[in-house]
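The following exchange examines one protein chain through a series of questions and answers. The sequence and the structure are shown first.

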Amino acid sequence: MANVIAIDGPSGAGKSSVSRIIAEKLGYLHVDSGALYRIMTWQCLEKGIDTTNPEAVALFAAELQIECRPEAGRIAYYIGGEAPGERIRMPEINAHASEVATVKEVRDKITSLLSAMTESGNLVVEGRDITTAVFPDSPARFYLTASAEARARRRQKEEIEKGIASQSEEDVKASLLKRDQIDSTRKHAPLKKADGAVEVDSSFLTLEETVMAVMDNLPDSWK
């Protein structure tokens with residue numbers, strides 16, 4: 001059976017960077033579950049689906065085909081043979097992603113896709129309900145967090161580096177806090193620290209220190 005390192009936490013806590021590095025160190029596949037919700041949101045907007053209408057989003061989600069392929073140390077996603085690239089990282093997607101992610105049918109579909117990925121090998125899976133709903137029995141579950149200020153700085157820095165920055169740091173912080181509120185209060189699979197998960201606060205840790213905090217708490221046979 002495949003090993004699964006499950007990492008949850010709010011936006012901007014460093015889940016992606018930490019997960020990618022750990023996957024590379026261990027030879028596991030990196031899985032960005034948030035990208036699946038962004039893809040669903042992107043496609044809803046592309047097709048003119050009202051993201052505030054759960055019934056319409058649910059019907060669309062049932063039809064959308066997302067191909068998941070293991071390649072280059074990660075699980076890559078394709079729609080109609082095309083990779084979405086940075087289109088799913090734009091602020092417009094951020095503004096609608098939480099609405100789409102609250103729809104039960106969307107979460108059920110993506111949970112099913114994620115569960116099936118264990119057939120491809122050992123995984124490092126990052127998200128918001130990985131430790132609670134997707135892989136609750138994994139012996140390696142982590143909740144990565146950081147202050148809102150630290151997360152806003154990191155997120156804006158990422159957007160600047162990618163050439164897609166369009167908000168001030170304060171606006172980014174407000175967006176993150178709004179996302180936190182929606183994610184933590186949604187009815188289906190809300191964001192929360194799972195019982196038994198190891199919490200890592202990266203507010204004052206370097207990236208390497210955060211990676212080591214996770215690595216140090218993995219089962220010995222996985223290292």
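Q: Of the 223 residues of the chain, what percentage count as buried?
A: The model is a predicted one. A residue counts as buried when its relative accessible area is under 20%. By that criterion, the share of buried residues among the 223 of the chain is 48%.

Q: Why is the chain described as being as compact as a globular protein of that length?
A: The secondary structure of the chain consists of nine helices and seven strands. For 223 residues the globule rule gives 17 Å, and the chain is as compact as a globular protein of that length because its radius of gyration is close to this, at 17 Å.

Q: Among contacts in the chain between residues at least 6 apart in sequence, what percentage join residues at least 24 apart?
A: A contact requires heavy atoms within 4.5 Å. Of such contacts between residues at least 6 apart in sequence, the part that joins residues at least 24 apart is 74%.

Q: How many residues of strand S6 are buried?
A: Strand S6 covers residues 140-145. On one side, Ala140, Phe142 and Leu144 are buried, and on the other side Arg141, Tyr143 and Thr145 are buried as well. Both faces of S6 are thus covered, and the number of its buried residues is six of six.

Q: Which residue in S6 stands opposite Ala6?
A: Strand S1 (residues 4-8) and S6 run parallel and are joined by four bridges. Within S6, the residue opposite Ala6 is Arg141.

Q: Which residue in S7 is the bridge partner of Tyr143?
A: Strand S7 comprises residues 198-201 and pairs with S6 in the parallel sense, over four bridges. Tyr143 is one of the buried residues of S6. Its bridge partner in S7 is Glu199.

Q: Does Ser17 count as buried, partly exposed or exposed, and why?
A: Ser17 lies in helix H1, which spans residues 15-26. Buried means under 20% relative accessible area and exposed means over 50%, with partly exposed in between. Because the relative accessibility of Ser17 is 23%, this residue counts as partly exposed.

Q: What distance separates the C-alpha atoms of Ser17 and Thr145?
A: Ser17 belongs to helix H1, whereas Thr145 is a buried residue of S6. The two residues are 128 residues apart along the chain. The separation of their C-alpha atoms is 13 Å.

Q: How far apart are the mean positions of the positive and negative charges of the chain?
A: The chain has 28 positive and 35 negative charges. The mean positions of these two sets are separated by 1 Å.

How values were computed. Residues are numbered from 1 along each chain as its sequence is written. This is a predicted model: local features need pLDDT of at least 70, side-chain atom pairs count only at pLDDT 80 or more; totals for chains, interfaces and linings use all residues. Side-chain values use heavy atoms; hydrogens and water are left out. Helices (H or I, at least four residues) and strands (E, at least two) are DSSP runs, numbered from the N terminus. The radius of gyration is taken over C-alpha atoms; the globule rule is 2.2 Å times the number of residues to the power 0.38. Buried means under 20% relative accessible area, exposed over 50%, partly exposed in between (1.4 Å probe, protein chains only). Lys and Arg count as positive and Asp and Glu as negative; His and the chain ends are not counted. The place of a charge is taken as NZ of Lys, CZ of Arg, CG of Asp or CD of Glu. Two strands pair if DSSP finds at least two bridges between them.
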